[in-house]
Amino acid sequence: MALLETQDLTHIFPDGTVAIQNINLKFNEGEFVVIAGANGSGKTVFARHLNGLLKPTKGKVLIDGEPITKNIVETRKKVGLVFQDPDSQIVGQTVAEDVAFGPENLNLPVDQVEAVVKESLEAVGLSRLSTRSPHTLSGGEKRRLAIAGILAMRPKIIILDEPFTGLDYPGVVQVLKQIIQLHKTGHTILLITHELEKILAHADRLVILHKGKLVEDGKPEDVIYRSENYGVRMPLRDGEKVAALTWLK
Amino acid sequence: MTFFHYIHRDTVLHRMDGRFKLLCMLLLSLSASFASQLQHYLVLLFVVTLALLIAKLPFKALLKDLKFFGILILIVFVVNAFNIPGDPIPNFPITSISLQGVITGLRFAARLTIIIIVCAVLTGTTPLMTLRNVIEWYLRPLPFVPEVRIATMINLTFMLIPLIFDNFAEMMKAQKARCVELRKNPIKRINFIVFPLLNQTLRRVDEIAYAMEARCYSEVRTRAVFKSNKIDWLLLAICLSVFLFVIL
Ligand SMILES: Nc1ncnc2c1ncn2[C@@H]1O[C@H](COP(=O)(O)OP(=O)(O)OP(=O)(O)O)[C@@H](O)[C@H]1O
Ligand SMILES: [Mg+2]
């Protein structure tokens, strides 16, 4: 049984925009999936269905074979979503406070909240910045803070929506290392991006959305040669292998 | 602006129990509003300046920001000086200013200054989340008051205000870069700012709401634990004595 599954997932906005249409996908435990697509192809809308932030117009999302709506809090604990714009995700005035927001929502006892905050900040290497104001962090640190805020919920699946936008080279490397580390520690990773050259070497699978439809789903080395048909740059030069597609040395 | 921003330091005031701190600050503000004699103001000014120094808040930067409030304080002073009827000041050319007016004006100016410093110390030494938890704690015993909701609302409001200001400043700059100054119609210019700003703010609020929901926002949440010690009681006692000194 798949860990997370969408069946005929369709979302039509009130203004008539068909954002995603009949998407059938299965994600298995421990997978590292890259979801690509041009601007406006429906990636963000798709991601927001996976933890029930948006309600489908048609179709459904299953987690461990059960509809996510059955226990929405449990779903949101299991499926962590890191937002495209990290600023909108920050609610705390200090780094530690922000990470505590999730566990406090779960009504954990104070000592457990403290422990999980400490652990999450350590996991992303931000412990020494715990008293800083989040808005003074660098781009890469902000992304890692957003990841820590999600880690504090102890999710099984982590969805990252465009984690590299606006980051410089060291920022991308920081975040990339973090994501690979999360995968190693047993998390299932769904990574939304159109910058395949930064990450694809680490992925098991490449999914492409185009105008709200699922158009490709398979091994990166099979799918990548067709990506340009859907507005996603094909980063391989002659003779290069998918393994070359990473910004890590 | 350094004013009204939390500045992390390790001082007695930063470590102070938030409940006591809020109560102390309320007492001092009340004392300022009730103060009537010169020695009251001197004692209060001494206490709040001491607090400012103990808190190790950046004194110079605060003074610089105080300029903005200086205008406000000046207006309060001038309005009072001109509007309170009384005897004219001897040997002073402007006869519409009365002695009583000047004294009342000074009084109000001093009150305002003290209250502004109190607010600066409170916000400078207390993270918003603590302040939020304190408010929640005080509201908890009241029946029919959704204390968690109110506290969260206060929290979000305080968080959004600086974001909106930043946004506004950015938009002004971007529009200046496109020569918005050449437009002479002020209504049009306001339109160019207000609607996009409102739009962006609403969008932002939407995003924040989604992000909070993604992290399971719930009103049944971990309650903050407050711990008080002897120092908290001592500081409260000091503020209480100042208050009693002023009203008695
Ligand atoms: N609130 C909304 N109301 C109406 N249409 C919307 C809304 N949000 C998104 N859309 C539309 O849905 C479609 C998919 O949007 P989505 O944000 O998922 O794209 P995306 O693939 O994430 O793009 P990007 O790469 O720019 O982030 C777009 O055509 C967009 O205009
Ligand atoms: Mg998007």
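Which residues coordinate the magnesium ion (ligand 2)? In this predicted model, Thr44(A) through OG1 and Gln84(A) through OE1 coordinate the ion, at 1.9 to 2.5 Å. The two residues are 40 residues apart and link distant parts of the chain. Thr44(A) belongs to helix 1 (residues 43-50) of chain A, while Gln84(A) sits in the loop between strand 6 (79-82) and helix 3 (86-89) of chain A. Thr44(A) is partly exposed, with a relative accessible area of 24%, and Gln84(A) is partly exposed at 34% relative accessibility.

**Salt bridges**

Side chains of opposite charge can pair when their charged atoms come close. Over all chains, the count comes to 19 salt bridges. Three of the pairs are listed below with their N to O distances.

| Pair | N to O distance |
|---|---|
| Glu207(B) and Arg48(A) | 3.1 Å |
| Lys78(A) and Asp64(A) | 3.2 Å |
| Lys118(A) and Glu122(A) | 3.7 Å |

The salt bridge between Glu207(B) and Arg48(A) joins two chains, because Glu207(B) lies in helix 8 (residues 186-214) of chain B and Arg48(A) in helix 1 of chain A. Arg48(A) is buried, with a relative accessible area of 10%, whereas Glu207(B) is partly exposed at 23% relative accessibility.

The salt bridge between Lys78(A) and Asp64(A) ties together parts that are 14 residues apart in sequence. Lys78(A) lies in helix 2 (residues 72-78) of chain A, and Asp64(A) in the loop between strand 4 (58-63) and strand 5 (66-67) of chain A. Lys78(A) is partly exposed at 21% relative accessibility, and Asp64(A) is partly exposed at 29%.

Lys118(A) and Glu122(A) both lie in helix 5 (residues 110-123) of chain A, four residues apart, which is about one turn of the helix. Lys118(A) is exposed at 56% relative accessibility; Glu122(A) is partly exposed, with a relative accessible area of 46%. In addition, a network of salt bridges links Glu31(A), Arg205(A) and Asp217(A).

**Helix packing in chain B**

Helix 2 (residues 18-34) and helix 5 (residues 99-125) of chain B pack with their axes 9 Å apart, at an angle of about 170°. Helix 2 of chain B is therefore roughly antiparallel to helix 5 of chain B. By class, the contact between these helices has nine nonpolar, three polar and two charged residues. From helix 2 of chain B, the residues in contact include Leu22(B), Met25(B) and Leu28(B). Among those that they meet in helix 5 of chain B are Arg111(B), Ile114(B) and Val118(B).

Key
Residues are numbered from 1 along each chain as its sequence is written. Chains are lettered from A and ligands numbered from 1 in the order in which they are written. This is a predicted model: local features need pLDDT of at least 70, side-chain atom pairs count only at pLDDT 80 or more; totals for chains, interfaces and linings use all residues. Side-chain values use heavy atoms; hydrogens and water are left out. Axes are lines fitted to C-alpha atoms, for helices over the stretch in contact, and angles run from 0 to 180 degrees between N-to-C directions. Angles under 35 degrees count as roughly parallel, over 145 as roughly antiparallel, 65 to 115 as roughly perpendicular and the rest as oblique. Contact means heavy atoms within 4.5 Å. Ala, Val, Leu, Ile, Met, Phe, Trp, Tyr, Cys and Pro count as nonpolar, Asp, Glu, Lys and Arg as charged, and the others, Gly among them, as polar. Donors are N, O and S atoms within 2.8 Å of the metal (3.2 Å for Na, K and Ca); water is not among the atoms, so sites may look incomplete. Buried means under 20% relative accessible area, exposed over 50%, partly exposed in between (1.4 Å probe, protein chains only). A salt bridge is a side-chain nitrogen of Lys or Arg within 4 Å of a carboxyl oxygen of Asp or Glu.
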